[in-house]
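Here is a colleague's note, written as numbered points, to be read slowly and with the structure open beside it.

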Amino acid sequence: MELSPNLGLLLLLLLLPPPPLLCSSETKPEPCELDDQDYRCVCNFSDPQPDWASGTQCVVAVEVEIRVGGRSLDKFLQSADTDPRQYADVVRALRVRRLTVGAARVPAPLLFAVLRALGYSRLRELTLEDLEVTGTAPPPLLEATGPALSTLRLRNVSWAAGGAWLAELQRRLKPNLKVLSVTRARPLALSCEQLGAFAALTTLDLSDNPGLGERGLPAALCPHKFPALQVLELRHSGMETLRGVCAALAATAVQPQHLDLSGNALRPAASPGAPPCVWPSALSSLNLSSTGLEQVPKGLPAKLSTLDLSSNRLKREPRPDELPQVEHLILAGNPFLDSGDPEALEDASNSSVARTCVLPLQVIGVSVTLALAQWTRDFI
């Protein structure tokens, strides 16, 4: 089958047929730039009269980033009725593996038509940023026809479908998704009863959702929907207590190996009289950096391979009885290390666990940061 003149552009620009080009004597910079290795192509169609044809050079790229200047794509809704089977061979020939689309108002039928067309591609990573998805999605086909993504990132994306948006996406994607990132959601709401299990998903990132909080966490984790989850990232997500997070993990049967709570304003102690919470047995790494802690919080897991308490407000070296059994303790960026107090540093060198600190040095006027691992005297 012959490639129509605008088909390459059609596929990479959300299946949109380019509007007629306007004649002008004014020379404008190309909205699309392809690097010298034909690897990465970046398009910014923010101009009121963009040169859509510039996007044709992106058909040879492996990484493609397209930003549509915040414009509405409603007038291209008729393209959603195009049957992608007629150009399946052309889509299979595209090199694109990573695609980013951003800054647009997209009708849901058009978005899902794009996913259906990309089902014939070798696309593995899709990022949607600063999008407003409007309207109602069409009924899905009997089997998933979208791409076999390994990574899906959604940042600052709103959905008219409400909490059903993830289920709508899931029905159209082939079931091998391993990384799902949903940040700055507006709002973060899921209809868990409509979701199937993400059997292959190992990483879930719900960071930068300050309205989530501990109360919203169980609904966002959807009980028994993430059986293979290994990494859970909750940076800047409104968490306040370790016990609240622990209880949410227990209620949803989520068993991560790595939990990132950095950037949350954590309270150090659990409520008086609150029963202890049993952390997931698989949890081995806990990141509590930049959480404003002035002391080691209560209710930590009993055993960890890595505990990150860096960039907090600890004024002294944590005592052994305050810590879990931990192999690697990270304390860089705390006041007791930055003060230069000889006693504090001496106590730190006598710590019973491996620890990492960061000390600034001035060399020829340039600040150089050296990461130093300090071990117990038994190893010296």
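The points below go through a few places in this predicted model, one after another.

1. A good place to begin is Pro318, which sits in the loop between β12 (303-308) and β13 (325-330). Although a loop may look like an outer part when drawn, Pro318 has a relative accessible area of 7% and is therefore counted as buried, since that class takes in residues under 20%.

2. What does Pro318 touch, if residues up to four places away in sequence are not counted? Its contacts are Val296, Leu323, Leu331 and Phe336. Of these, Val296 deserves a second look, for it is 22 residues away from Pro318 along the chain, while the C-alpha atoms of the two are separated by 6.8 Å.

3. The loop between β12 and β13 also holds Ser311, which is partly exposed, with a relative accessible area of 40%. Ser311 is not a glycine, and yet its phi is positive, at about 55°. This is worth noting because most residues other than glycine have a negative phi.

4. A positive phi is also found at His236, again not a glycine, where the value is about 50°. His236 belongs to the loop between β9 (231-233) and α6 (242-252), and with 43% relative accessibility it is classed as partly exposed.

5. Helix α3, which runs over residues 108-118, is mostly covered, and nine of its eleven residues are buried. Among the buried residues are Leu110, Leu111, Phe112, Val114, Leu115 and Leu118, together with the alanines Ala108, Ala113 and Ala117. When looking along a helix, it helps to remember that an α-helix has 3.6 residues a turn, so residues three or four places apart point the same way.

6. Is Thr127, a residue of strand β5 (residues 125-134), buried or exposed? Thr127 is buried, as its relative accessible area is 11%. If neighbours within four places in sequence are left aside, Thr127 is in contact with Leu99, Thr100, Val101 and Arg153.

7. On the surface, finally, there is a patch of positive charge, in which Arg95, Arg122, Arg124 and Lys174 gather. Lys174 can be found in the loop between α4 (165-172) and β7 (179-183), and at 30% relative accessibility it counts as partly exposed.

Terms used:
Residues are numbered from 1 along each chain as its sequence is written. This is a predicted model: local features need pLDDT of at least 70, side-chain atom pairs count only at pLDDT 80 or more; totals for chains, interfaces and linings use all residues. Side-chain values use heavy atoms; hydrogens and water are left out. Helices (H or I, at least four residues) and strands (E, at least two) are DSSP runs, numbered from the N terminus. Buried means under 20% relative accessible area, exposed over 50%, partly exposed in between (1.4 Å probe, protein chains only). Contact means heavy atoms within 4.5 Å. Patches are made of residues with over 30% relative accessible area and no salt bridge: like charges are joined within 9 Å, nonpolar side chains (Val, Leu, Ile, Met, Phe, Trp, Tyr) within 5 Å. Accessible areas come from the Shrake-Rupley method with a 1.4 Å probe; for residues, only the protein chains shown count as cover. A salt bridge is a side-chain nitrogen of Lys or Arg within 4 Å of a carboxyl oxygen of Asp or Glu. Lys and Arg count as positive and Asp and Glu as negative; His and the chain ends are not counted. The place of a charge is taken as NZ of Lys, CZ of Arg, CG of Asp or CD of Glu.
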